[in-house]
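Trainee: Could you walk me through reading a fold like this one, feature by feature? I'd like the general idea each time, then the case at hand.

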Amino acid sequence: MDNCLKHPEPRDSKAPGEPVFFILEQDTLVATDLSQILQSAGPCRIVFARKLDEAARALADVPSLSVAFLEMDYAGFSQSWLARALHDRGALLIFTTSENTDASLRARGWGSLARPFTEQVVLDTLSSILKTR
């Protein structure tokens, strides 16, 4: 498998070449699947929060991010403090809810995953948005 994680590292990364992913996901099984898929593709750091109010604590010591996987709709995201926090950390975004349309997100350079998703779909989506960096 082509290592989709060999892309420019996030700024201020503590481990050169090791991407940092943030997963905001209520379903522990889905979060675990995403984590395992990302880790199977190469060395990486995973930061996880189940709810928006947990995200601030989870991101407190994370100066930069490669990609954030978000279980929230774009409207809710754009109105939240998380939008600024992820922007400031340089994160590319992948939304994991069906409320987000591919076309509107692609226009912003972001991705979306329709549920249920497979390992290949996750890796293809990740590879596609990393090419925009």
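Mentor: We'll go from the overall layout to the cores, a pocket and a few single residues. Keep in mind that this is a predicted model.

Trainee: Fine. How many helices and strands does the chain have, and in what order do the elements run?

Mentor: Start by listing the elements. Here there are six helices and five strands, and from the N terminus they go β-α-β-α-β-α-α-β-α-β-α.

Trainee: What share of the residues counts as buried?

Mentor: Of the 133 residues, 48% are buried. The accessible surface is about 6,900 Å², with 51% of that on carbon and sulfur atoms. Look at contact separation as well: among contacts with a separation of 6 or more, 68% join residues 24 or more positions apart.

Trainee: Now the inside. Which residues have the most contacts within the largest nonpolar core?

Mentor: The general idea is that nonpolar side chains in soluble globular proteins tend to be buried together. In this chain the largest such core holds 22 residues, and Phe-22, Leu-70, Phe-77, Leu-82, Leu-86 and Leu-93 have the most contacts inside it. Strands S1 (20-24), S2 (45-49), S3 (67-70) and S4 (92-95) each give two or more residues to this core, as do helices H2 (52-59) and H4 (81-88). There is also a second, separate core of 20 residues, with Ala-31, Leu-34, Val-67 and Leu-123 among them.

Trainee: Take Phe-77 from the largest core. What is Phe-77 in contact with, leaving aside its neighbours within four places in sequence?

Mentor: Its partners are Leu-70, Met-72, Leu-82, Ala-83, Leu-86, Leu-93, Phe-95 and Trp-110. Phe-77 also helps line the second largest pocket.

Trainee: Which elements supply at least two residues each to that lining?

Mentor: For a pocket, read volume, then lining, then chemistry. The volume is about 160 Å³. Helix H3 (74-78), H4 and S4 each supply at least two lining residues. Tyr-74, His-87, Gly-90 and Trp-110 are included in the lining, which divides into eight nonpolar, three polar and no charged residues.

Trainee: Back to Ala-31 in the second core. Is Ala-31 buried or exposed?

Mentor: Ala-31 is in helix H1 (residues 28-41). With a relative accessible area of 3%, under the 20% cut-off, Ala-31 is therefore buried. Beyond its neighbours within four places in sequence, Ala-31 touches Ile-23, Glu-25 and Phe-48. Its C-alpha is 8.6 Å from that of Arg-50, 19 residues away in sequence.

Trainee: And why does Ala-56 count as partly exposed?

Mentor: Ala-56 is in helix H2. Its relative accessibility is 42%, so Ala-56 falls between the 20% and 50% limits. Measure its distance to Trp-81 on screen, and you should find 9.2 Å from C-alpha to C-alpha, with their positions 25 residues apart in sequence.Trainee: What about loops? Where is Val-62, for instance?

Mentor: A loop residue can be buried too, as Val-62 shows: Val-62 sits in the loop between H2 and S3 and is buried at 2% relative accessibility. Setting aside neighbours within four places in sequence, Val-62 contacts Val-20, Arg-45, Val-47 and Arg-89. The C-alpha atoms of Val-62 and Phe-22 are separated by 9.6 Å, with the two residues 40 apart along the chain.

Trainee: Last one, the backbone. Which residues does a cis peptide bond join?

Mentor: Check omega. Arg-115 and Pro-116 are joined by a cis peptide bond, with omega about -5 degrees. Pro-116 lies in the loop between strand S5 (111-112) and helix H6 (119-130).

Conventions:
Residues numbered from 1 in each chain as written. Predicted model: local features only at pLDDT ≥ 70, side-chain atom pairs only at ≥ 80, totals over all residues. Heavy atoms only, no water. Core = buried A, V, L, I, M, F, W, Y, C linked by side-chain atoms within 4.5 Å. Buried < 20%, exposed > 50% of the residue type's maximum accessible area, 1.4 Å probe, protein only. Helix = DSSP H or I, 4+ residues; strand = E, 2+ residues; numbered from the N terminus. Contact = heavy atoms within 4.5 Å. Areas by Shrake-Rupley, 256 points an atom, 1.4 Å probe, with all protein chains shown as cover. 1 Å grid on protein atoms, 1.4 Å probe; cavity = no way out; pocket = protein on both sides within 12 Å on 5 of 7 lines; lining within 4 Å. Points joined across faces, edges and corners; volume = space filled by probe spheres on them. Nonpolar A, V, L, I, M, F, W, Y, C, P; charged D, E, K, R; others polar.
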